[in-house]
Structure formats: C-alpha cells, structure tokens
Amino acid sequence: SPRVLAVRPCDPRHWRQIEPAVHHLAQQHAPRLASLADDERIATIARLAGFIDSVRDADGDRPVLAPGRAVIGLLDPDRGLGPKEITAIAGAYGATTTTIFKRDEPDETIASVATDFLSAVTEAAAATRPLTIVVLGHGLPTEIQSYSIRFERFVDALVDGAIRRPAAAGRAIDFTDVVVVCDDCFSADFLINVLSRVESLCRDRGLALTSLPACIAGTNRDHYGHAQVGEKFVPHFWRDVIELYFIRRPRPAAVTLRNFFDNVDNMMYGYGRAPIVEGTHVAGWRLVDPDLVQDPVVFVPLSTEQHARLREILGLEADAPLATWLDLG
C-alpha cells in the first residue's frame, strides 16, 4: 500500500475503504500483474484503485431505500429484530410496499416461512417496481442459515420472477433495479455465490443476462457478523444503518449505495479497532480484536464500457474474460 499511495496519493480514510477492494481485484489478476516489471506492476495497481473509484462515482447514487421501491425482509426466527426495524426505515423513504417474513406464529415452520419468502421474491422480481431485499439473521457462505435457504434456491426464485417481466420477452434478464442486502455471518461469501449462480443459471437456461443485482454484505469475505444480544438480537451493521439513516436528522431524500460504502462502512470501522488520537484528531487505528472486524462490502455489476476500461488498464486482449461484478469496498 505505501508504494501504491506514493504513485496515487489518497486520503487515509478513503484508502482504508477501498484498500480491500484493490487487494481482491489485484488477486483476480495476479498472473497478469506478476508478469509486469516491478514499477509497472505498482503503477497498474494504482490505476486499478482509480478504476474502483470511477465505478464508485458512477454507481454511488443507485438507490437502496427510496420512494417507489418494494422492500422484502427476512428476519431471524429467534431473538431477531422486529418487523418495524425494517418497515419503519423503509416507510420513511417512501417504500411502496414492505413485506416482512419471520417465523413467530405457532403454526409456522422454518420451511413454510422459507417457502413464503421465496414465493414473495419471485412475485416481486416479476413486477416492474424496483426491489430491495433485506436479510437479517444467521448465515453461512452457502445459505441463509436461519431458514436453511441455499443460495441456489434464492437465485432460482429471483430468475423465475425476472423471466416473467414484459421486458424479458426476448429472454433478457435485467436486475438493474434490484438490490440485495444481507447482514449475517459470511454474507459477502454468500452474495458472491449468488452472483455466480445468477450468471450460471442464465447461461444454462439460455437467458441473456443484461445486469446482475447490486449486493450489500454486512460482513466481508470469511468474516462473522456480530450483534448486541440481549432482549433482542441486533446486528451491528443494520443497527448502524438505522442510526445513520432513520434516527439521525436531517434524513437524505434516499439511502443510496454511496451511503453504505462510505458512511456505514466508516461507522463500522471501529469494530475490533481502537482510534489513535493525536491532539484533537484521530491519526489512525490499531487492531484490537480481529474477530470483531466486519468491514462491509458492496458489489455492483460492470458495464461493457467498464470492462473495456479494465482490460485497457491490465493490457488484456479485447475478448479476455473478466468478472461481471466488482467489489467496491
């Protein structure tokens, strides 16, 4: 990082937000970077950082909670958040409908709630309204653990709905207006599986994928999510979202991706770390407990033009395969 920053100076707070994303993008292209001379490799990584910033600028205003969006929530069946923890904030930003699923009735089972949730996802994906899906609870890299919903079932529900849209008459699947938010353990790993599954399912079914959904993970790769456990099970990530964009005033007109990869990410940085104070300002951070670090991450789809720019930076052939999504930090 010091060598990259010497080539491309960056505000320390901003660098800590994008540094993990730069790392993961460089890892994806490690063979190409290893083939470069040392100085050119550092210069190329600096250009990758600039590319990530350009996508953050392009996608930052994409709405997550805003007027006209439908919101579907899935809450942990035990000491989880109550429905109002989603309905209140969604309503404050003008959601057209907010539907919450949680096993809290005697005649309900984990399986029945999971089925009802997936059916609602399919119906919402078939509609023309923008859609935000929020999942709060326990998770594994391959499933929403609270309801034993593997990523394949979740993606199947999304695609089964999207293919019914009028715009999909030519068998084109477009998730441009869909956002998935997961605040549970290993949520980045789960959402990477979701994104990969959307691609493979569309390919296997002969569907043209116009755009993947945007995805927000409360925890980065291979990380547990944490919560305040008392009368309620309150995840750190969603608690900070509520603090920033429901409790505090004035509220913005909408909550966007930028609010997550900038403000929420910054607020979450203190978990597992302690500030180093010099005089009256924070000069840096020291790691106290790595197990408490979550560092949320946002994934967005890449356009054809952005793919062309990335190939140019890396010096790749025009038809070189690239991932269709990008980690924005």
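A disulfide is a pair of cysteine sulfur atoms within 2.5 Å. The model used in these exercises is predicted.

**Exercise 1.** Find how many disulfides the model has, and check Cys-182.

*Solution.*
Step 1. Apply the 2.5 Å cut-off. The count comes to 0 disulfides.
Step 2. Look at Cys-182. The nearest cysteine sulfur belongs to Cys-215 and is 7.5 Å away. Cys-182 is in no disulfide.
Step 3. Is Cys-182 buried or exposed? Buried means under 20% relative accessible area. Cys-182 has 1% relative accessibility, so Cys-182 counts as buried.

**Exercise 2.** Test the length of helix α6 (residues 110–126), then locate its buried side.

*Solution.*
Step 1. Helix α6 has 17 residues. The expected span is 1.5 Å times one less than the number of residues. That gives 24 Å for α6.
Step 2. The end C-alpha atoms of α6 are 25 Å apart, which agrees with the expected span.
Step 3. List buried residues of α6. Among them are Val-113, Phe-117, Leu-118 and Val-121.
Step 4. Find their partners. The buried residues of α6 pack against β2, β3, β4, β6 and α7.

**Exercise 3.** Describe the open sheet of 7 strands and the helices across it.

*Solution.*
Step 1. Write the order: β3-β2-β4-β8-β10-β16-β17, with mixed pairing.
Step 2. Mark the edges. β3 and β17 each pair on one side only.
Step 3. Inspect one pair. β4 and β8 run parallel, joined by 6 bridges. Leu-131 has Val-178 in β8 as its bridge partner.
Step 4. Add helices. Helix α8 lies across β8, β10, β16 and β17, at about 160° to β10. Helix α9 lies across β4, β8 and β10, at about 120° to β8.

Notes
Residues numbered from 1 in each chain as written. Predicted model: local features only at pLDDT ≥ 70, side-chain atom pairs only at ≥ 80, totals over all residues. Heavy atoms only, no water. Buried < 20%, exposed > 50% of the residue type's maximum accessible area, 1.4 Å probe, protein only. Helix = DSSP H or I, 4+ residues; strand = E, 2+ residues; numbered from the N terminus. Contact = heavy atoms within 4.5 Å. Pairing = 2+ DSSP bridges. Axes fitted to C-alpha atoms, helices over the stretch in contact; angles between N-to-C directions.
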